[in-house]
Amino acid sequence: MACLFCFSRRVKDDSQDPTARKASAVLAFIGHKRSAIVRDGLSERVATMMSGQDMVYQQILADAKRRMKARGEESFPREWEVQLVRYGDVAEGRKVMIFTPAFLTPYLDDPEAMDQAFEYVLLKLDPVAMHHRYVFVYCCMGMDWAHPELVKRMRLAFDVLPEKYGSNLVRLLVLHANLGFQMSSWLFLPNMSDSLANKVKYIASLQEVCQAVCPSDNDSAREDLRRKFAFVTHRQDALEKRERPPVTFGIPLRQHCSYHGVDFLDVRTGRYFRHLPPSAVCICEALQREGGDSDFGCLFESDLGGDVVYRLVQSLDHGMPVERELPCATLWCGLKLMLDCMPQPLLTFQCLDQLRKQHLKIGDREAMKSFLVDVFRSHLPPEHAYIALYVALFLNGMCGLASAKREDMKYLHSAATKIQARVRRSLLAKEGRHRHRRQRPASEFHLTASVAAKVFAPSFLRPRVMDAASFSWVPLITELVEVLVVSVEEPEFWVGRPTGPIKAEGCERDTLAGETAGSSADVSV
């Protein structure tokens, strides 16, 4: 709703004072930001001359870019890139922006998180809406627009967005709008300009959206545009047409990725993955953001709670946003369930057939590495190659995070031990004793590539039928997966092409890198 009615700056009712509304937005949202602008180099006189609209808008962008520069990839949830706002190119140099506000549902009761989401949306919209002609698609999912946090940001967006947002807008398409949403939108008609009101169009299905955005008979362009919509929107579209909605669990990977796969840029390595399952990206990025390596050992504990695991599985299966504050052990459980429920393992059944013919021996890691490189480059289908590399790269990163934590703990433990030794010697000297018994620290679980391989080996490689003879292959398969996790960052494993340097500031980092990768990332098969 905030993005639906915030593109127009010309108000019909002259009795309302737009300057007063802008000033109230400045006072309500940024408070002390004025002094920050002056400290950044602008004089008080220049700051006073700036309109409330421009000052708030530019300050929000500056805060978001400052946050991204300071915190890097952790500045915003990475899964928002495949859920909240997505973009693409259409004919005649125009852009299309797809906004799915249903993914803000877990953040409604957190004002700080809502401010963060508001900044993220503006970062994504600014390089498109300010410089290109674009089509904006708003996906309705039954949001509660009476929530105070949504109302606050809707009013703020209406007050501060520049005029170019409305002038560059070609069409505003509202998808799956129910009667309640349309009645709510009528309340805003008096505050909308005629030009914006004429651009709004309600659409009932994804097929109509693709035909409206891509009017030419280009089936490939329409299919690419259809894939950019969130999985939950595809389910809603099927429900609106009274068809069987798609699910994630148990669906062949090629079918799922062809219709619902998302393109994703890993900012840590600069690698671009095509047509990944969106649920896999969301849960892996959530685990990496929360630092869930320390909870890996609780994956099989019985106190996780069946109802919590069931709700997570349902969210992943339906493409809904994952609940916040879920235990990381539950996220690990959901990831393993999703991968193990695939009809084929990530490396396919054919890979195990080839492995049995190679006569590889346990401990010969160079031979295992050569075998894996050949599998990725010559035998795996593209969708299997990308998701296998993505999961292996994720496990590699989590093991690296655990290793870094161990090094930090060793340093802290060493420093604490020295301090304790000094205190103990001082106390013993006072008591006249010179001997004491050293206590061994309690052992803790640490995630390593070997441990990760033991747990996720069936997700990468397993036989069609698990009989007694198949158990003899378990040690070899486990070590093969460990080799993959350890060596996945090496260039010979990568089946795509590099994306080039990634910008460190602003959303142009993701936009430019994604466009470059999208045009050049191919799979050698």
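**Entry 1: a cavity lining**

I began with the lining of the second largest cavity, and I sorted its residues into ten nonpolar, four polar and no charged. A reminder to myself: this is a predicted model. I then asked how many residues line the second largest cavity, and which lie nearest its centre. The lining has 14 residues, and Gln83, Phe103, Pro278, Cys282 and Gly319 are the ones nearest the centre. Three helices give two or more residues each to this lining: H12 (231-240), H14 (278-290) and H15 (306-318). Of these, H14 gives the most, with three residues. I noted the space in the second largest cavity as about 90 Å³. I also looked up how many cavities of 30 Å³ or more the structure holds, and the count is six.

**Entry 2: a pocket**

Next I turned to the second largest pocket, whose volume is about 620 Å³. I found 27 residues in its lining. Nearest the centre of this pocket are Pro77, Tyr107, Arg289, Glu290 and Arg324. Which helix supplies the largest share of the lining here? I met H14 again: four residues of the pocket lining come from H14, and that is the largest share. At least two residues each come from H4 (52-71), H5 (111-129), H14 and H16. When I sorted the pocket lining by residue kind, I got 14 nonpolar, two polar and eleven charged. For the cavity of my first entry, I had written down no charged residues.

**Entry 3: a hairpin**

I moved on to two strands, S6 (residues 262-266) and S7 (residues 271-276). They pair with each other in the antiparallel sense, over four bridges. I picked Leu265 and looked for its bridge partner in S7, which turned out to be Tyr272. Between the strands of this hairpin I counted four residues. I checked Gly270 in the hairpin too, and its phi is positive, near 75°.

**Entry 4: two packed helices**

My last stop was the pair H16 (residues 328-340) and H20 (residues 449-460). For any such pair I want two values, as packed helices are described by the angle between their axes and the distance between the axes. For H16 and H20 I noted an angle of about 30° and axes 8 Å apart. Angles under 35 degrees count as roughly parallel, so H16 is roughly parallel to H20. Is their crossing left-handed or right-handed? I wrote down left-handed for H16 and H20. I had already come across H16 at the second largest pocket, where H16 is among the helices supplying at least two lining residues.

Note on methods:
Residues numbered from 1 in each chain as written. Predicted model: local features only at pLDDT ≥ 70, side-chain atom pairs only at ≥ 80, totals over all residues. Heavy atoms only, no water. 1 Å grid on protein atoms, 1.4 Å probe; cavity = no way out; pocket = protein on both sides within 12 Å on 5 of 7 lines; lining within 4 Å. Points joined across faces, edges and corners; volume = space filled by probe spheres on them. Nonpolar A, V, L, I, M, F, W, Y, C, P; charged D, E, K, R; others polar. Pairing = 2+ DSSP bridges. Axes fitted to C-alpha atoms, helices over the stretch in contact; angles between N-to-C directions. Parallel < 35°, antiparallel > 145°, perpendicular 65-115°, else oblique. Left-handed = near helix turned anticlockwise from the far one by under 90°.
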